[in-house]
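Q: Could you take me through one part of this structure up close? I am new to it, so please explain the terms as you go.

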Amino acid sequence: MRSFLLENRYTVIFLILWFLVARIAPGLLYVLLPLGIILLRRIDHWQDILFGFIMVLVLSDNLGGLPSMAVMKSAKSVYILTLALVLLADQARMQPLAKIFGLFLPFFVYAFFPIIASEVPFVAMEKTLSYALLFLVVPNYVLYNFRLYGWPFFRNLCWFLIFILLSQKLLPFIGDAEAFYVVGRFRGYFGNPNGMAIFTYLTFVLFGVVKYLRPGMFSRVETIFIYAVLIYYLVTCGARTSLMASLMFVFFIQFFRISVWLGLISFVAFIGISELLTSNLPAVITALGLHDYLRVDTLSDGSGRYVAWNYVWDQINNHGYFLFGAGFENEYVIMFKAYRYLSQLGHEGGAHNSYLTFWLNVGIVGLILFFRSFLLIFIKASKNTSIALAVLCSVLFSVLYESWLTASLNPYTILLLVVLTIMSEEEIIGTVGAGEKPVAEAEAAPVGPPLILPAR
């Protein structure tokens, strides 16, 4: 961690500057963010551009505790638009482009048509465009960073995500300490503890993939430290879904390594016995002494998710959303209208299910188009590495209970896109095992160009 902070001190300096501007003069951030991207581009600090985007998305997820960060909710749109413009201007140097966007192109083209039925067409248009831009921008920036820095880029990325998680411990000293907790559960930068758990889970998957593909990238001590941080946050934030998804990821790696069919059978078996596991989970959790962290008292009611699922399913079948939906943001509009009704039934929030959210937004046609592309990218990745199918099973489980996959400018979907890029792009996955440096040499190697370069 220390060497990462020293080598990437300019990343930290930029983030602190953005943080201070957001607190003192929020309006200036709309100018500072694009100017920062242009400056970093000029001096070839491309990994800092991507790290900055992740941090902006993390801060935009904050709903309290850091009220001055509210500006990030709109400033992140400026950030991704600037990233898209830079990609357009520099597409010659980024050739060949990443292939993920092309696989999802049929879905993105279709997704604009349901907007015709939207109650908020301008917002729906913005959400659809930002979702498409995310799938266009992120894989290409990841691929280009790999071309510049190689595998040490992913090493730096993993350390940066750990840095984000650990820096949350400073938050109670910056603002009102109680504002960073929800019913005794620490939420840190994120809107709620479940959000922090999803971020931790996806960081766990990203680190697991990098470690699996390049075992020598991290020393034994570093590996233990990183896993300790991730497990700590997964357990203490009290989010059962993300903890279970992480365990599934680790569990299914072993099965898919032996045989694809064994992994698939194990996945089906896991789904089949999930109800039996759930019914005995309170006793197991209590016996392990984790009843306070994992909230045994909420297991029986499913934390209100089943209430939301039943309501959404009724909307899909009886209110004209089955085939085509009504555009991105439709789920939010519907759930907001029913807020009081659902609150009385014990539910607050959205649909908590990415499949149902997609269905409400873009209908079954859009749902099929999206997951057709989603499965294709994993099938392609599985031809390169068996760990791809473990990631797939884990993600399919996670999005069953959360809607994070349906949103673009959150701090979660971007991490999945990074993982998909690593596993599916031949330029990256094709170098696995070729000329791998031990961790000591990797640390000594330069991770990027100097801060100031001569003008070109």
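A: Let's start with a term. Rings of Phe, Tyr and Trp (its six-membered ring) pair if their centres lie within 6.5 Å; planes under 30 degrees apart count as stacked, over 60 as edge-to-face and the rest as tilted. Searching the whole structure in this way gives 52 aromatic pairs. In one of them, the ring centres of phenylalanine 207 and phenylalanine 218 are 4.9 Å apart and the planes meet at 70°, so this pair is edge-to-face. The pair joins distant parts of the chain, 11 residues apart: phenylalanine 207 sits in helix α10, and phenylalanine 218 in the loop between α10 and α11 (220-236).

Before going further, a word on the model. It is a predicted one, where local features need pLDDT of at least 70 and side-chain atom pairs count only at pLDDT 80 or more, while totals for chains, interfaces and linings use all residues. Residues are numbered from 1 along each chain as its sequence is written, and side-chain values use heavy atoms, leaving out hydrogens and water.

Helices here are DSSP runs (H or I, at least four residues), numbered from the N terminus. Now for α10 itself, which covers residues 193-213. The expected span of a helix is 1.5 Å times one less than its number of residues. For the 21 residues of α10 that gives 30 Å, and the end C-alpha atoms are indeed 30 Å apart. At the N-terminal end, asparagine 192 acts as a cap, with a side-chain oxygen 3.0 Å from the backbone nitrogen of asparagine 194; this is a polar contact (a pair of N or O atoms within 3.5 Å, one able to donate a hydrogen and the other to accept it; residues adjacent in sequence count only if both atoms are side-chain atoms).

How enclosed is the helix? Buried means under 20% relative accessible area, exposed over 50%, and partly exposed in between (1.4 Å probe, protein chains only). Of the 21 residues of α10, 20 are buried, so the rest of the structure largely encloses this helix. Phenylalanine 207 is buried at 1%, and its ring partner phenylalanine 218 is buried at 3%.

Next come the neighbours. Contact means heavy atoms within 4.5 Å. Tyr201, Val205, Gly208, Val209 and Tyr212 of α10 meet Ile387, Val391, Ser394, Val395 and Ser398 of α18. Serine 242, in helix α12 (residues 240-258), touches Ala197, Ile198, Tyr201 and Leu234, leaving aside residues up to four places away in sequence. Serine 242 is buried too, at 2% relative accessibility.

Terms used: Helix = DSSP H or I, 4+ residues; strand = E, 2+ residues; numbered from the N terminus.
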